[in-house]
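Visitor: I'm new to this structure and don't know where to start. Please pick one side chain, give it a close look, and then lead me from there through the rest.

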Amino acid sequence: MGCLQSVACKPRIKRENIVVYDVSATIDHCPTVIEENSPIVLRYKTPYFKASARIVMPPIPRNEAWVVGWIQACTQMEFYNTYGDLGMSSWELPELREGLVKAISDSDGVSYPWYGNTTETVTLSGPTSKPSRFTVSMNDNFYPSVTWAVPVSESNVPLLTRIKRDQSFTTWLVALNMATQEKILLQTVKWRMKVDIAVDPSKMLGSRARLTGRMHQDQPKVLTHMEPIPPNALGKPNANDAQVLMWRPKRGPPLVVIPSK
C-alpha cells in the first residue's frame, strides 16, 4: 500500500541527515594583555576563544522551524584577587561552588539557551525544498576590572598583590526544534582559560603588574563523543547574573560585596 507523502511519510529531521564539517575551536595564540590606565582599577584582556562550524541541514518540513547554533555553560570557576595579608575578593557561582549544579548558562542573558543571536545561530523555517548550507560562529574572552584597593575599604590605597583565575566551559553545537524543543547535539567542545598576574602595589601606576606562569592558553578540545547538556545550561540565571563578589578576609567572617542579580 502506498502512503501519502504529506501525512504518513512526513520526513523527520534526524542526526544522520545533518552534515557538520569544518568544525574549528581555537584560543588565540597570544598572551593576556594587562591595562594599567586607571588609578582605580587594573584591567586585563584575555585572548579570544573562537568556535565555528559549517552545516548542511536537510529540507525542513512544513510547519517546522529549527534553530542551529552554539550553547555555552560555565562548569568551573576560580577567580581570586589577593590583597597581601588582608584577604581576598572572590567572584563565585554559589550553586556551582557547592556542587548543587554541574553547569551554569553562559548565555548573553537575552537569547536563552543560545550564547548569542547574531553569528551564533541560524533559524530555518519550513517548508524548504533544498538543503540549507550555513556557518555558525562565536567568540568569548574575559575583560574585567579589578580594584587596586580592597573592595570593602573607603581607602583608595593600592594593595592588590595577585590575580588568579581559572575557568572552564563546555560549548555545544545544537539543532533545536522550536515547536517540540527536541534537541539534536551536533558537537561538544571543552575549553579553559587561566590568568595569573603578580602585582607590586608599591610601584608606580603603569609598572605594577606582570603575567606569571604560562603565557599561552591550552587549545580547546573538540570531543569525539557528545556530552549531554545539563538543565541549568539552558535557562536562567546566566553566569553573569548568578555570580557573587565576596570579600574573604584573613580574619573575620566573609562579606558579600556584590550580590547576585
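Guide: Let's start with arginine 12, which is partly exposed, at a relative accessible area of 47%. Partly exposed is the middle class, between buried (under 20% relative accessible area) and exposed (over 50%), worked out with a 1.4 Å probe on protein chains only. Before we go on, a quick word on the background: this is a predicted model, where local features need pLDDT of at least 70 and side-chain atom pairs count only at pLDDT 80 or more, while totals for chains, interfaces and linings use all residues. Residues are numbered from 1 along each chain as its sequence is written, and side-chain values use heavy atoms, with hydrogens and water left out.

Back to our arginine. Arginine 12 forms a salt bridge with glutamate 182, at 3.5 Å from N to O. A salt bridge here is a side-chain nitrogen of Lys or Arg within 4 Å of a carboxyl oxygen of Asp or Glu. Arginine 12 sits in the segment before β1 (19-27), and glutamate 182 is in the loop between β11 (162-177) and β12 (183-199), so the pair ties together parts that are 170 residues apart in sequence. The β labels belong to strands, which are DSSP runs of E with at least two residues, numbered from the N terminus. Like its partner, glutamate 182 counts as partly exposed, at 27% relative accessibility.

By that rule the count comes to 12 salt bridges, and two others are worth a visit. In one, glutamate 92 meets arginine 248, at 2.7 Å from N to O. Glutamate 92 is in strand β6 (residues 87-92) and arginine 248 in strand β15 (residues 244-249), 156 residues apart. Glutamate 92 is buried, with a relative accessible area of 7%, whereas arginine 248 is partly exposed at 27%. In the other, the closest N and O atoms of arginine 192 and aspartate 166 are 2.7 Å apart. This pair joins distant parts of the chain too, with arginine 192 in strand β12 and aspartate 166 in strand β11, 26 residues apart. Arginine 192 is partly exposed at 39%, and aspartate 166 is buried at 12%. Some salt bridges share partners: Glu92, Arg97, Glu98 and Arg248 are joined into one network in that way.

Now for β1, the strand that follows the segment holding arginine 12. β1 belongs to an open sheet of 3 strands in the order β1-β4-β9, with antiparallel pairing. Two strands pair if DSSP finds at least two bridges between them. The edge strands are β1 and β9 (132-140), each pairing on one side only. Neighbouring strands in this sheet are turned by 10° against each other on average, direction ignored. For angles like this, axes are lines fitted to C-alpha atoms, for helices over the stretch in contact, and the angles run from 0 to 180 degrees between N-to-C directions. β1 and strand β4 (residues 49-57) are held by 7 antiparallel bridges, and alanine 25 stands opposite alanine 51 in β4.

Another open sheet also has 3 strands, in the order β2-β3-β10, again with antiparallel pairing. Its edge strands are β2 (33-35) and β10 (145-147), and the twist averages 25° from one strand to the next. Strand β3 (residues 41-45) joins β10 through 3 bridges, and leucine 42 has valine 146 as its bridge partner in β10.

What about the inside? The largest nonpolar core has 52 residues, and Ile18, Tyr44, Ile55, Met57 and Leu173 have the most contacts inside it. Such a core is a set of buried Ala, Val, Leu, Ile, Met, Phe, Trp, Tyr and Cys residues joined through side-chain atoms within 4.5 Å. β12 gives the largest share of this core, 8 residues. Leucine 173 touches, among others, Val20, Ala53, Ile55, Trp70 and Val136, leaving aside residues up to four places away in sequence; touching, or contact, means heavy atoms within 4.5 Å. A second, separate core of 10 residues includes Ile71, Ala103, Trp172 and Leu176.

Leu176 leads to our last stop, since alanine 65 touches Leu176, along with Leu124, Ser125, Asn177 and Met178. Alanine 65 is in strand β5 (residues 65-83) and is buried at 19% relative accessibility. Alanine 65 and leucine 176 are 111 residues apart in sequence and 8.5 Å apart in space, C-alpha to C-alpha.

Definitions and conventions:
Helices (H or I, at least four residues) and strands (E, at least two) are DSSP runs, numbered from the N terminus.
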